[in-house]
Amino acid sequence: MGRTLQNTMINLGLQNACDEAIYQLGLDMEELEEIEEDAGLGNGGLGRLAACFLDSMATLGLAAYGYGIRYEYGIFNQKIRDGWQVEEADDWLRHGNPWEKARPEYMLPVHFYGRVEHTATGAKWVDTQVVLALPYDTPVPGYMNNTVNTMRLWSARAPNDFNLRDFNVGDYIQAVLDRNLAENISRVLYPNDNFFEGKELRLKQEYFVVAATLQDIIRRFKASKFGSTDSVRTVFDSFPDQVAIQLNDTHPAMAIPELMRIFVDIEKLPWNKAWEITKQTFAYTNHTVLPEALERWPVDLVEKLLPRHLQIIYEINQKHLDHIASLFPDDVERLRRMSLIEEGGTKRINMAHLCIVGSHAVNGVAKIHSEIVKTQVFEDFAALEPEKFQNKTNGITPRRWLLLCNPGLAELIAEKIGEDYVRDLSQLTKLHQFVDDDLFIREVAKVKQENKVKFALYLEKEYKVKINPSSMFDVHVKRIHEYKRQLMNCLHIITMYNRIRRDPAKLFVPRTVIIGGKAAPGYHMAKMIIKLINAVAHVVNNDPAVGSKLKVIFLENYRVSLAEKVIPATDLSEQISTAGTEASGTGNMKFMLNGALTIGTMDGANVEMAEEAGEENLFIFGMRVEDVIELDREGYDAQKYYERLPELKHAVDQIASGFFSPEEPDLFKDVVNMLFHHDRFKVFADYEAYVKCQEKVSELYLNSKAWTKMVIRNIAAAGKFSSDRTIKEYARDIWHVEPSDLKIPPPNEPRDAPEDKTLNGTVA
């Protein structure tokens with residue numbers, strides 16, 4: 001979520017008043033804002049997407065709740081020591097959190113372990129261990145519409161009789177100390193992005209958020225007039241009309257068997273009716289196609305922790321496979337591929353398959369990704385129910401990612417086309433008429449230059465490095481991962497360095513290359529990549545032959561509040577994943593909206609950015625998805641490129657020989673070995689096209705006016721990438737609710753009639 005103060009002031013229309021009031025107290029608002037800790041309760045793009053979605057849902061007047069876990073420790077703080085990443089705990093609640101309100105009155109029990117008894121009245125889950133879920137509510141204000149939604153985060157608490165109700169003969173002290181075991185569930189965020197780690201504590205976290213949330217939703221449904229009761233029993237027929245639940249990846253997939261357990265075991269609905277309601281309630285968003293990221297939980301672990309849920313999953317699978325067998329008799333291979341249970345070695349539950357079978361809609365997050373989902377990853381399921389599969393291209397909130405972080409540009413745009421674009425970003429197309437306006441071109445360039453100077457001062461203060469603000473700011477910030485190919489950027493840096501040294505007199509367009517991002521603590525290769533970038537930076541930044549022509553900076557502890565500083569100052573945005581690996585990307589959109597040009601592959605939302613702005617207004621290079629598939633078919637041979645391209649060979653040889661690590665010459669042998677023998681992401685195959693494309697970038701940068709005109713065309717084409725547009729599509733195509741642009745009256749004005757707030761149902 002990042003910081004809340006400035007976003008709240010902007011959405012409430014109070015920023016100027018607050019700035020003035022604080023100034024009159026002799027304080028500086030910006031200094032105050034810097035004191036607030038980021039709420040870093042997720043990893044990379046998926047977590048930030050949820051935050052943008054909350055902002056858009058409130059702004060569109062949807063009755064929507066964001067549910068998650070109130071981690072005591074969020075994503076780790078990254079320190080760089082001697083070029084290596086070191087993790088520190090993110091004790092973000094140390095000074096308290098003024099934005100949250102504990103709601104003990106809504107505390108709910110969550111059950112674990114135990115066993116299943118089959119009785120005449122149905123299955124009973126008994127002898128369980130109980131953990132309490134304590135909700136904390138954070139307000140989510142819409143933009144200037146007097147709407148405030150809720151983000152509800154659950155914290156784990158041990159019940160007061162924890163370990164004391166047992167045959168616990170008297171170690172009272174130990175019993176109280178053991179309360180920590182239950183409360184560890186919400187202690188810390190698992191810091192993996194695009195990687196599945198099948199740990200018991202992680203599964204506990206996933207079930208904890210799901211079980212608490214579903215009880216909360218059902219309580220709210222029963223309290224509304226829709227949860228009508230026949231004598232004792234609630235009628236759930238209207239449940240899917242009143243409740244929509246969007247699964248943000250497979251992490252909350254246990255919600256599907258959990259809702260079935262509630263309906264069948266507790267509410268005593270017949271299975272088939274319960275299943276129809278469940279399917280109509282859930283929709284699933286897929287966020288990645290990398291196989292190592294797909295959740296596959298061992299059956300033994302689920303059986304121990306959630307025995308009833310395993311039985312329900314088996315039952316769902318049986319009915320699912322019976323259906324497929326009736327359509328494709330004797331096709332056992334298809335049954336094996338489509339089963340929710342993977343046999344062979346340790347039996348595992350494929351959570352993506354569970355989500356597809358248990359949802360009425362499945363979507364990818366960019367056009368190209370949704371196609372890959374349909375034609376490659378889940379092709380058997382798409383063949384069965386093509387109408388279930390959709391696309392919803394991701395977006396970003398223009399409130400945080402323009403108004404808040406780039407007020408200079410936001411104001412300049414408002415002077416030209418009015419202020420309405422903040423709620424309807426498609427209006428940015430009106431900027432096309434100013435693409436040849438010399439004054440506007442100069443003003444856009446001036447805002448960018450001011451942002452660069454401000455960021456250069458920040459870098460000088462934080463990193464003690466002198467930055468040339470007229471150099472091109474070439475920025476690559478995102479989680480460190482092999483598929484994102486920070487290594488390819490690194491090879492380009494080495495190539496530029498070698499060119500400067502070979503011919504110091506030749507014209508060179510000065511660059512400041514800024515790379516930032518966190519590596520998962522257990523991801524060895526990603527940590528080596530960080531060390532390599534820092535080793536290269538050390539050599540480049542201290543070579544007098546290079547001077548101010550090339551500087552390399554690794555940005556420590558990249559997070560939302562740092563993104564808000566670097567993105568408005570960026571000239572060139574690096575979006576260089578191997579085609580077919582980045583589901584969408586959202587950083588790409590933030591850079592586009594803030595006046596950077598993009599160098600990128602035809603991957604994720606880059607494809608649609610090129611479609612909107614015209615491919616000639618992005619620097620597109622490298623293999624397309626078809627080329628990657630073809631190269632896989634014939635076999636990728638890294639050696640071939642190494643031998644054919646002298647500059648690539650030189651750069652790789654320098655890494656391998658210890659040029660960048662003289663005190664430990666074989667420090668990077670693992671990296672070099674990977675690049676030659678098991679590089680799934682084919683860095684060498686795109687190297688030549690990347691370097692040539694970078695030469696075109698430098699050439700254009702020399703012509704400031706032509707560069708800025710291209711910037712304006714990009715900003716004018718960025719409207720599609722508002723999360724408001726994304727959420728309108730979810731609302732209409734999946735949740736079946738209507739967004740409203742009504743500004744409800746403020747609380748100090750009397751209202752004619754109390755409006756029925758549940759009319760459109762709710763989204764969780």
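**Close-up 1. The kink in helix 29 of the predicted model.** In this predicted model, helix 29 bends by a kink of about 25°, and the kink is centred on Ala689. The helix comprises residues 683–702, 20 residues in total, and its first and last C-alpha atoms lie 28 Å apart, which is close to the 28 Å expected at 1.5 Å a residue. Two residues of this helix span, Gln694 and Ser698, reappear in the views of Arg511 below, where both are listed among its contacts.

**Close-up 2. Lys682, in the loop that leads to helix 29.** Lys682 is placed in the loop between helix 28 (669–677) and helix 29. Although Lys682 is not a glycine, its phi is positive, at about 55°. With a relative accessible area of 4%, Lys682 counts as buried, because the cut-off for that class is under 20%.

**Close-up 3. Asp474 in strand 19.** Asp474 belongs to strand 19, which covers residues 472–477, and the residue is buried, its relative accessibility being 0%. The side chain of Asp474 is joined to that of Arg511 by a polar contact of 2.8 Å. When neighbours within four places in sequence are set aside, the residues in contact with Asp474 are Arg511, Thr512, Val513, Ile514, Leu572, Glu574 and Gln694.

**Close-up 4. Arg511 in strand 20 and its polar partners.** Arg511 lies in strand 20 (residues 511–516) and is buried, with a relative accessibility of 1%. Besides the polar contact of 2.8 Å between its side chain and that of Asp474, the side chain of Arg511 makes a polar contact of 3.1 Å with the side chain of Ser698. Apart from neighbours within four places in sequence, the residues in contact with Arg511 include Ser471, Met472, His492, Met496, Lys549, Leu550 and Lys551. Leu572, Gln694 and Val697 are also among the contacts of Arg511, and both Leu572 and Gln694 are listed as contacts of Asp474 as well. For a wider frame, the C-alpha atom of Arg511 is separated by 28 Å from that of Arg624, a residue 113 places away along the chain.

**Close-up 5. Asn194, in the loop between helices 6 and 7.** Asn194 occupies a place in the loop between helix 6 (179–183) and helix 7 (200–223). Its phi is positive, at about 55°, although Asn194 is not a glycine. The relative accessible area of Asn194 is 17%, so the residue is classed as buried, the limit being under 20%.

Conventions. Residues numbered from 1 in each chain as written. Predicted model: local features only at pLDDT ≥ 70, side-chain atom pairs only at ≥ 80, totals over all residues. Heavy atoms only, no water. Helix = DSSP H or I, 4+ residues; strand = E, 2+ residues; numbered from the N terminus. Expected span 1.5 Å × (residues − 1). Bend = angle between axes of the 7 residues up to and from the residue. Buried < 20%, exposed > 50% of the residue type's maximum accessible area, 1.4 Å probe, protein only. Polar contact = N/O pair within 3.5 Å; in protein donor to acceptor, adjacent residues only side chain to side chain. Contact = heavy atoms within 4.5 Å.
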